[in-house]
Amino acid sequence: MDPKEPEGEDEPPKQRAAEYVRMSTEHQKYSTDNQSEAIRQYADKRGYQIVRTYADEGKSGLNIGGRLALQQLIDDVKTGRADFTALLVYDVSRWGRFQDPDEAASYELRCRRAGVQVHYCTEQFENDGSIGSSIIKTVKRAMAGEYTPAQSSKR
């Protein structure tokens, strides 16, 4: 067998995925470019092809109001227009910094019930439905809601 065979001939087709990125205005660490780069590295390693990007730039994570990309994502999933089976998100806090951690959980649940598996690309756990991942997500969602920098009223 020729070791210089063209790449991809024996590789399974990549799974179609969307990415969701969000940043507020003051955190360059969480810039949408930085999030997208980490998500794309995850996708490459795991065999995903990113076919759609939903991006809320400069948007508060405190509520869903004004976050048109998240609203569109949820609508696409709910109505069956989603042409992907996986959603890649930088980390648990990107859903939002909701005061009620169940709000973020509800968006993930809507995706999962519609056949779209959510992956958190920089978290130290697999989002596999295990009791361990469920506990970690719950704690991280609560922590995200508690995160209130001095500028949070501007977000």
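Is Lys140 buried, partly exposed or exposed? With a relative accessibility of 30%, Lys140 counts as partly exposed. This report on a predicted model takes up the salt bridges around that residue, then the nonpolar cores, a surface patch and two individual sites.

## Salt bridges

The structure holds 13 salt bridges. Lys140 takes part in one of them, meeting the side chain of Glu123 at 3.0 Å, N to O. Because Glu123 lies in the loop between S4 and H4 while Lys140 belongs to helix H4, this pair ties together parts that are 17 residues apart in sequence. Glu123 has a relative accessible area of 14% and is therefore buried, whereas its partner Lys140, at 30%, is partly exposed.

Glu108 takes part in two of the salt bridges described here. In one, the side chain of Glu108 meets that of Lys137 at 2.7 Å, N to O. Glu108 is placed in helix H3 and Lys137 in helix H4, so the pair links parts that are 29 residues apart in sequence. Both partners are buried: Glu108 has a relative accessibility of 3%, and Lys137 one of 6%.

In the other, Glu108 pairs with Arg112, and the closest N and O atoms are 3.3 Å apart. This salt bridge stays inside a single element, since both residues lie in helix H3, four residues apart, or about one turn of the helix. Arg112 has a relative accessible area of 43% and is partly exposed, in contrast to the buried Glu108.

The three pairs are set out below.

| Salt bridge | N to O distance |
|---|---|
| Glu108 and Lys137 | 2.7 Å |
| Glu123 and Lys140 | 3.0 Å |
| Arg112 and Glu108 | 3.3 Å |

Elsewhere, salt bridges join into a network that links Arg16, Arg52, Asp75, Asp76, Arg81 and Asp83.

Another charged residue of helix H4 is Arg141. At 9% relative accessibility, Arg141 counts as buried, the limit being under 20%. Beyond its sequence neighbours up to four places away, Arg141 touches Val92, Pro101, Ala104, Ala105, Glu108 and Tyr120. Glu108 thus appears again, here as a contact of Arg141 as well as a salt-bridge partner of Lys137.

## Nonpolar cores

The largest nonpolar core comprises 21 residues, and Tyr20, Leu73, Leu87 and Trp95 have the most contacts inside it. At least two residues of this core come from each of strand S1 (15-23), helix H2 (68-79), strand S3 (86-89), H3 and strand S4 (117-120). H2 supplies the largest share, five residues.

Which residues does Leu73 contact, leaving aside its neighbours within four places in sequence? They are Tyr20, Tyr54, Phe84, Leu87 and Trp95. Among these, Tyr20, Leu87 and Trp95 are listed with Leu73 as the residues with the most contacts inside the core.

A second, separate core has 10 residues, including Ala17, Val21, Tyr42 and Cys121.

## Surface patch on helix H4

Ile131, Ile135, Val139 and Met143 make a nonpolar surface patch of about 430 Å². Met143 belongs to helix H4, which spans residues 131-146. With a relative accessible area of 53%, Met143 is exposed, because the threshold for that class is over 50%. Helix H4 therefore holds both the exposed Met143 and the buried Lys137.

## Two partly exposed sites

Glu103 is situated in helix H3, residues 101-113, and is partly exposed at 26% relative accessibility. Its side chain is joined to that of Tyr107 by a polar contact of 2.9 Å. Not counting residues up to four places away in sequence, Glu103 touches Ile64 and Phe98. Ile64 is 39 residues from Glu103 in sequence, yet their C-alpha atoms are 9.5 Å apart.

Gly47 is placed in the loop between helix H1 (32-46) and strand S2 (48-57). Its relative accessibility of 25% makes Gly47 partly exposed. Outside the residues up to four places away in sequence, Gly47 touches Lys14 and Gln15. Pro12 lies 35 residues from Gly47 along the chain, and the two C-alpha atoms are separated by 8.5 Å.

How values were computed. Residues are numbered from 1 along each chain as its sequence is written. This is a predicted model: local features need pLDDT of at least 70, side-chain atom pairs count only at pLDDT 80 or more; totals for chains, interfaces and linings use all residues. Side-chain values use heavy atoms; hydrogens and water are left out. Buried means under 20% relative accessible area, exposed over 50%, partly exposed in between (1.4 Å probe, protein chains only). Contact means heavy atoms within 4.5 Å. A polar contact is a pair of N or O atoms within 3.5 Å; within protein, one must be able to donate a hydrogen and the other to accept it, and residues adjacent in sequence count only if both atoms are side-chain atoms. A nonpolar core is a set of buried Ala, Val, Leu, Ile, Met, Phe, Trp, Tyr and Cys residues joined through side-chain atoms within 4.5 Å. Patches are made of residues with over 30% relative accessible area and no salt bridge: like charges are joined within 9 Å, nonpolar side chains (Val, Leu, Ile, Met, Phe, Trp, Tyr) within 5 Å. Accessible areas come from the Shrake-Rupley method with a 1.4 Å probe; for residues, only the protein chains shown count as cover. A salt bridge is a side-chain nitrogen of Lys or Arg within 4 Å of a carboxyl oxygen of Asp or Glu.
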